[in-house]
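Colleague: Thanks for sitting down with me over this one. Could you show me the model, and then let me ask about it piece by piece?

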There are 4 protein chains.
Amino acid sequence: MAYRRSALMEERLASNRERILAAARRLIAEGGYREAQIAAVAAEAGMSTGMIYRYFRSKADLFIEVMTAAIARELEILNGIAKGPGTAKERLYAAVESFTRRALTGPNLAYAFIAEPAEPEVDIARIRVRQKLGNVFKAILKEGITAGEFPAQDMDASAACIVGAYTEALVGPIAPKGQRVKDQERLIQSISDFCVRAVSQPINPSGKR
Amino acid sequence: MAYRRSALMEERLASNRERILAAARRLIAEGGYREAQIAAVAAEAGMSTGMIYRYFRSKADLFIEVMTAAIARELEILNGIAKGPGTAKERLYAAVESFTRRALTGPNLAYAFIAEPAEPEVDIARIRVRQKLGNVFKAILKEGITAGEFPAQDMDASAACIVGAYTEALVGPIAPKGQRVKDQERLIQSISDFCVRAVSQPINPSGKR
Amino acid sequence: MAYRRSALMEERLASNRERILAAARRLIAEGGYREAQIAAVAAEAGMSTGMIYRYFRSKADLFIEVMTAAIARELEILNGIAKGPGTAKERLYAAVESFTRRALTGPNLAYAFIAEPAEPEVDIARIRVRQKLGNVFKAILKEGITAGEFPAQDMDASAACIVGAYTEALVGPIAPKGQRVKDQERLIQSISDFCVRAVSQPINPSGKR
Amino acid sequence: MAYRRSALMEERLASNRERILAAARRLIAEGGYREAQIAAVAAEAGMSTGMIYRYFRSKADLFIEVMTAAIARELEILNGIAKGPGTAKERLYAAVESFTRRALTGPNLAYAFIAEPAEPEVDIARIRVRQKLGNVFKAILKEGITAGEFPAQDMDASAACIVGAYTEALVGPIAPKGQRVKDQERLIQSISDFCVRAVSQPINPSGKR
DNA sequence: CATGAATGAGAATTCATTCAT
DNA sequence: TATGAATGAATTCTCATTCAT
């Protein structure tokens, strides 16, 4: 009995936390941070506002966790690709392709940690999250450069550029209430190609510098 | 007399409008949208809050115009480069270089219409503004493709990617109160190189898949 | 015109500030700090809650000012007595008498800065305020000791004791919902006598110590 | 079996009640009423919040009982002194000395029922508690006046003044997080002397007015 | 045309109390 | 009997917008 109650409790706790996170995720995906006030999140999660504060110290904390959780999933997948088989080029292509495809297909939560503002703490967390995304690409780049697949370059800048490139190309299409893309596959390929080219040696290096 | 007063009035109106825009621009550059409350803008412009509403229907309207005006200047410069002499590659490089240099050097207004959130209307305007930036690059791309400098590609996607790439690479460095970049020149070149490579034909076409 | 408006404005400002303070004073006198929520103060003052924040940074600030203002008046009067003519004994008696009489006669605001709790900041201010009251008595004591009217004693302790003595003797009668005092004059005299005796040389010093 | 369980239950009930009271006392002594939320009391007592409500109708009830219990101990001691041997003067001195010493030495629970605010019901209870304290001194006074040790005086007022005097002189020193008094012994003596003098016949009756 | 005082609709957060388990 | 999750009313504070002067 004691055991079962304890088990139930833990399950319930977990489920509440999850429900809150899911509710926040849903609201953010639909209308951005702006639409995700505590009261709205509570309503969406089917509980009282007080409950939110049992699980999260503040609104900012909740949002940071939503963002972190969302990106954690992405990072897992991207890291899987980055550390997987294939040439650096292939893996870079696959990574960008994978991210953009999920962003276009699933709930457009991407928008939230990519293009929207919020409290300062959340903004700071957002920057960190993007840096983590960048690190995945940086790792691939490093290997590619070592292997001679890519020319020498400022890996930090390139990584940031990659993140920015596919992000921007997605923002329009996935912005809250934004229009759906017709030819998703084509877009996904275009973005991925862009990123791979961007870090590869061009036929005749630009006459600049 | 009546005529002259009227003229004076118009001049005053124009000057007031400018003062408001300038004040808003300054505040946004310093502290982002969050710091640019109507009362603060009014104080910075040396007038009353009521005056703001004589010239702008709402806070969102004002911010949209600040953004539009700021980007109008950028567009002018970028268009000058795009329509100027040189190969498409050279012009693309010069365009990105020019934008990033000004963003890093001048007041970091760029941050505001690049990375920060605001009211929905402002967000929508921000997307439009970025599309306009993209159009400049699209024009260069088109010429470059026609001239055989660049391979065939989805110009819309590439243009968006370019905007996103340099934007992202800038956001960290130019965020309000963000740390200054040590080697700005190096960063500017890295970003510009990235963008040029991204639309150019790589030595051996990416062996994707 | 400009002058008159400016004059009107200042007058209005002053009157608003006063109205807020008066409203807070009234509510505190009636029901203590507990009853003086910002919304209630605003309603009592016939204005919106926002107005309160135009004149006071926070609720605590407002309360501190109510307390300070109330005590400032008292201090003025008490200091007038302390620095006036008469022996130290006479002045001490007069000071206590004056304070207690006003406390019993006027609105029982005394209760608020004497016996009730509030936010930490207000509590700190309350202690300061009471110390200021004590300082008045300390000054009289000092002169009385020098003049040989009073025996040597710990003036800080005696001053605090005086403040506490008449305060406590008042709190019962003036505490919210407290019973009315029949013979106010008698009480005033008893308290004043108590305080004067307390710092005077007794006929045969207590056999203690 | 049923009997024994019942006995155990009662014991447990009593012990629970005590544990709650002790926990509340500890928290109040440390941080005042403000820090003694029901949840905190429950945690400190090692039980659930629900348990608190099995033993106390409300938070106010609990606090009133904490106060009453604490003062009951004081009253016992003070009454012991009041009814003990010695002159009225000696007993008055001893009573004040005893109270102030414990207040300064032990956990500063005194602060809570002396100077801090709380719910209206608690405030009312606090006044009652202080009146009870006053009654002890009133009893001593009565005997002293009858014995000719003290002059005729309003015993109610004097008793209240005594309670107020040492209370106020203590509040600063014992306020939560307040600074420690350096020379406690000196302070205790000063306060006690003050109170004894206050009810004694001065050398030359105050030439008031 | 100009002012800036005034409004008041939110939004976040806290915590005593209840009640299903 | 015991738990502690859940509730939600209450409260402070902000700031875009209006409007009397």
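Colleague: Into how many nonpolar, polar and charged residues does the surface near DNA strand F divide?

Modeller: Happy to start there, with the reminder that this is a predicted model. The surface in question is made of 33 residues around DNA strand F. They divide into 12 nonpolar, 16 polar and 5 charged.

Colleague: Which element gives the largest share of the surface near DNA strand F?

Modeller: Each of the four chains takes part: H1 (2-31) and H3 of chain A, H2 (38-45) and H3 of chain B, H2 (38-45) and H3 of chain C, and H1 (2-35) and H3 of chain D each give two or more residues. Gly50(D) and Ser48(D) are among the closest residues to the strand. The largest share, 4 residues, comes from H3(D).

Colleague: Which residues are the closest to DNA strand E?

Modeller: DNA strand E is surrounded by 34 residues. Helices giving two or more of them include H2 (38-45) and H3 (49-55) of chain A, as well as H1 (2-31) and H3 (49-55) of chain B. By class, the surface near strand E holds 13 nonpolar, 16 polar and 5 charged residues. The closest are Gly50(A), Ser48(B), Gly50(B), Gly50(C) and Gln37(D).

Colleague: Let's turn to the protein partners. Which elements of chain B give two or more residues to the side that touches chain A?

Modeller: In this interface, 38 residues of chain B are in contact with 43 residues of chain A. The side belonging to chain B divides into 18 nonpolar, 11 polar and 9 charged residues. The elements that give two or more residues to it are H5 (88-105), H8 (155-174) and H9 (184-199) of chain B.

Colleague: What kind of axis relates chains A and B?

Modeller: Laying chain B on chain A takes a turn of 178° with a shift of 0.0 Å along the axis, and the RMSD is 0.5 Å. The same surface serves both copies, as 97% of the contact residues of chain B recur in chain A. The turn and shift together are therefore those of a two-fold rotation axis.

Colleague: What pattern does chain A follow along its sequence?

Modeller: Chain A has 9 helices and 0 strands. Of its 209 residues, 46% count as buried. Among contacts in chain A between residues at least 6 apart in sequence, 71% join residues at least 24 apart. Read along the sequence, the pattern is α-α-α-α-α-α-α-α-α.

Colleague: Over which residues of chain A does pLDDT stay under 50?

Modeller: The average pLDDT of chain A is 83, and 79% of the residues score at least 70. The stretch you ask about has 0 contacts beyond four places in sequence in the model. It covers residues 1-10.

Colleague: How far apart should the ends of helix H7 of chain B be, and how far apart are its end C-alpha atoms?

Modeller: Helix H7 of chain B runs over residues 120-146, which makes 27 residues. At 1.5 Å a residue they should span 39 Å. Just after the helix, Gly148(B) takes a positive phi of about 85°. The end C-alpha atoms agree with the expected span, being 38 Å apart.

Colleague: Last one: is Glu121(D) buried or partly exposed?

Modeller: Glu121(D) sits in helix H7 of chain D and touches Ala60(D) and Ile64(D). Ile64(D) is 57 residues away in sequence, yet 8.0 Å away in space, C-alpha to C-alpha. Burial would need 20 or more other C-beta atoms within 10 Å. Glu121(D) has 14, so the residue is partly exposed.

How values were computed:
Residues are numbered from 1 along each chain as its sequence is written. Chains are lettered from A and ligands numbered from 1 in the order in which they are written. This is a predicted model: local features need pLDDT of at least 70, side-chain atom pairs count only at pLDDT 80 or more; totals for chains, interfaces and linings use all residues. The expected span of a helix is 1.5 Å times one less than its number of residues. A residue is near a molecule or strand if its C-beta atom, placed from the backbone, lies within 6 Å of it. Ala, Val, Leu, Ile, Met, Phe, Trp, Tyr, Cys and Pro count as nonpolar, Asp, Glu, Lys and Arg as charged, and the others, Gly among them, as polar. Two residues are in contact if their C-beta atoms, placed from the backbone, lie within 7 Å. Copies are superposed by least squares on the C-alpha atoms of residues with pLDDT of at least 70 in both. A residue is buried if 20 or more other C-beta atoms lie within 10 Å of its own, exposed if 12 or fewer, and partly exposed in between; C-beta atoms are placed from the backbone. pLDDT is the predictor's confidence in each residue, from 0 to 100.
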